[in-house]
Amino acid sequence: MGHFSGSDGKEDSQHVEIASSSSKVMQSDRLEDLDSIEQTQSGKYAWLVAITAGVGGLLFGYDTGIISAVLVYLNEDLGKTLNSSEKELITSITSGGAFIGAIAAGLTADRFGRKGAIYMGCFLFIVGAVLQAAAYSLAQMTVGRLVVGFGVGSAAMIVPLYIAEIAPAKYRGRMIGLDNMSITGGQLISYGIGAALAHVPHGWRAMVGLGAVPAIILCCLLPFCPESPRQLIYHDRHDEAANVIRKIFPQGTEEQVQQKVQHIAAHVAEAKALKEGKGQLWLIKQLYVVPGNLRALIAACGLMAISQLGGFNSLMYYSSTLFALVGFSNPVAVGTIIAATNFFFTWVNLMVVDRFGRRRILLSTMWGMALFLALAAVAFHWIPINHDLTLKTQEIGWPAYVVLACMIIYVGFYSSGMGNTAWLSSEFFPMEVRSYGTMMLTCSCWGSNIIVASTFLTQMENTTPSGAFGFYAAICFFGWIAVYFCYPEVKGMTLEDIREIFKHGFGVKYARQLQKDMKLKAKADDASA
């Protein structure tokens, strides 16, 4: 009898498990039926909000670009001529501050909303810009750069997260791309200002002081932007969330608006149930102990780390120094070519990312980054450079032009692919850990940034420029292979859909099948219409 009781208990257990599984599938299907408003045409409102929030990208972009010119024209204004280690300090300290700023924003984003962290980022950036412009010592300049870093990290973490939660699913890649456009636009503007003020006495002070302008603009425009619907529902402000959804989807019916609220509320309730009674440390731990979350974290942070360690930021921070090294007489103007290329191909990515998908773009561009970094490493072998990074001759030969051409093509591949796609990965994380996942994503950005900014000149001295760029080429090549196996395609999916992907390994095959099913469903809907 005991044997038969055990067998019956096992069968009952299996029956409950199957019933539970079936219930979850049915519940998932019902939830999807509540999301029909995503198929309607969105209005201009969401684009205007994304553009406004994207001004935060100027904070990031302007700072990473302007330091390149500042390093060339500081001279003895801080009381002495800075050596390589001191230049690396004032460059990398901002990345260190951004690392801390991203953590602070991530830990407070759910409690105080997305807009509060953006306001704080703007305030810190303004204070830091003033401190830098008034600096007469290395210590004060370092403090100013650190404070700016706090602001940059906060904005860099929150802005793409905020846009991802505001954007309609079919335009989410392009709308987050607007933030990337602002970053590269800020870099281009900074190079232009750097070139314009290059021969103005103490012009670097104006360069860093003008960095407060985008922060002031964003502070003035942000009151016109709403909190994200997901955050409003999270804080039980359903009516306000419905008003925002009506503005985002003006052609949706009132029934569809309420269904969208129910759809988000169901996932928010699930997220709250998981978080109830749990501290922040427990929630952060869920990124590592829940297999699906860990895979999402590895895919997102891995791509971000590769994007920063693959050599691009060495160009942004030290391009003027680098092109002066190979013999160009106006290195800031030459660096502007790099910034313009970056801006143009960021726009290209913006136009194609939702059409061709994140994964296909990455696989089509990362091999090119590795190839042209390797060619630049070979060209550097023919440039006569001393160990202290001074030229043995003042003549510009063909290798210098080859390096410039390789850098331009490399930046084209980077900006049209990984440079922008890496920031889209905040969409991988489920609602309950999204702010923490995005925090870790941003921390991986700034942590990698610290490594590059604090070691590039030293690495160039100790391993030669050829060794440094060969190292970056290897990172890009192995990153390309990792993307093939570990980075799924999520174009056109809602944030609520994406959480299912990483429950099936890294979800590359599962996501591919979902994409096929979505296309078949769209064709069937068109046929029935």
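What follows is a set of questions and answers about a predicted model.

User: How many cavities of 30 Å³ or more does a search of the whole structure find, and how much space lies in the largest cavity?
Analyst: Let's start with the empty spaces in this predicted model. Searching the whole structure for cavities of 30 Å³ or more turns up 6. As for the largest cavity, the space in it comes to about 150 Å³.

User: Which residues are the closest to the centre of the largest cavity?
Analyst: The lining of the largest cavity has 15 residues. Helices H5 (172–196), H13 (312–325), H14 (331–356), H16 (398–416) and H17 (418–421) each supply at least two residues of that lining. The ones closest to the centre are Ile183, Gln187, Phe312, Tyr414 and Gly419.

User: Which helix gives the largest share of the lining of the largest cavity?
Analyst: Several helices chip in here, among them H13 and H16, with at least two residues each. The largest share is 4 residues, and the helix behind it is H5.

User: How do the residues of the lining divide into nonpolar, polar and charged in the largest cavity?
Analyst: Glycine goes with the polar group in this count, and Gly419 is one of the lining residues. No charged residues turn up in the lining of the largest cavity. The split is 5 nonpolar, 10 polar and no charged.

User: What about the second largest cavity: how do the residues of its lining divide?
Analyst: The second largest cavity has a volume of about 70 Å³. Its lining includes Glu38, Glu165, Arg230 and Lys260, along with residues such as Ile166, Pro168 and Phe249. Helices H4 (138–166), H8, H9 and H10 (254–275) each bring at least two residues to that lining. The division is 8 nonpolar, no polar and 4 charged.

User: Phenylalanine 312 and tyrosine 414 form an aromatic pair; how far apart are they in sequence?
Analyst: The structure has 17 aromatic pairs, and in this one the rings are stacked, at 4.1 Å centre to centre with 10° between the planes. Both phenylalanine 312 and tyrosine 414 are buried. Phenylalanine 312 sits in helix H13 and tyrosine 414 in helix H16, so the pair ties together parts whose separation in sequence is 102 residues.

User: Which residues form one aromatic cluster?
Analyst: Rings of Phe and Tyr can pair if their centres lie within 6.5 Å. One cluster of aromatic residues is made up of Phe380, Phe456, Phe469, Phe471 and Tyr472.

User: At which residue does H18 bend by about 115°?
Analyst: Helix H18 covers residues 434–486. A straight helix of 53 residues would span 78 Å, but the end C-alpha atoms of H18 span only 19 Å. There is a bend of about 115° in H18, with proline 465 following within four residues, and the bend is at threonine 463.

User: What is the phi of threonine 464, and is this residue buried or partly exposed?
Analyst: Most residues other than glycine have a negative phi. Threonine 464, found in helix H18, has a positive phi near 70°. With a relative accessibility of 40%, threonine 464 counts as partly exposed.

User: Where is aspartate 236, and is it buried or exposed?
Analyst: Aspartate 236 is in the loop between helix H8 (229–234) and helix H9 (238–248). Aspartate 236 is not a glycine, yet its phi is positive, about 60°. Its C-alpha atom is 9.0 Å from that of alanine 265, which is 29 residues away along the chain. Exposed means over 50%, and aspartate 236 has a relative accessible area of 57%, so it is exposed.

User: How does the span of helix H12 agree with what its residues should give?
Analyst: Helix H12 has 19 residues, 291–309, which should span 27 Å at 1.5 Å a residue. Just after H12, glycine 311 takes a positive phi of about 105°. The span does agree with the expected one, as the end C-alpha atoms of H12 are apart by 26 Å.

User: What separates the C-alpha atoms of threonine 421 and arginine 359?
Analyst: Threonine 421 has its place in helix H17. Its relative accessible area is 0%, so threonine 421 is buried. Threonine 421 and arginine 359 are 62 residues apart along the chain, and their C-alpha atoms are separated by 8.8 Å.

Technical notes: Residues numbered from 1 in each chain as written. Predicted model: local features only at pLDDT ≥ 70, side-chain atom pairs only at ≥ 80, totals over all residues. Heavy atoms only, no water. Buried < 20%, exposed > 50% of the residue type's maximum accessible area, 1.4 Å probe, protein only. Expected span 1.5 Å × (residues − 1). Bend = angle between axes of the 7 residues up to and from the residue. 1 Å grid on protein atoms, 1.4 Å probe; cavity = no way out; pocket = protein on both sides within 12 Å on 5 of 7 lines; lining within 4 Å. Points joined across faces, edges and corners; volume = space filled by probe spheres on them. Phe/Tyr/Trp six-rings, centres within 6.5 Å; stacked < 30°, edge-to-face > 60°.
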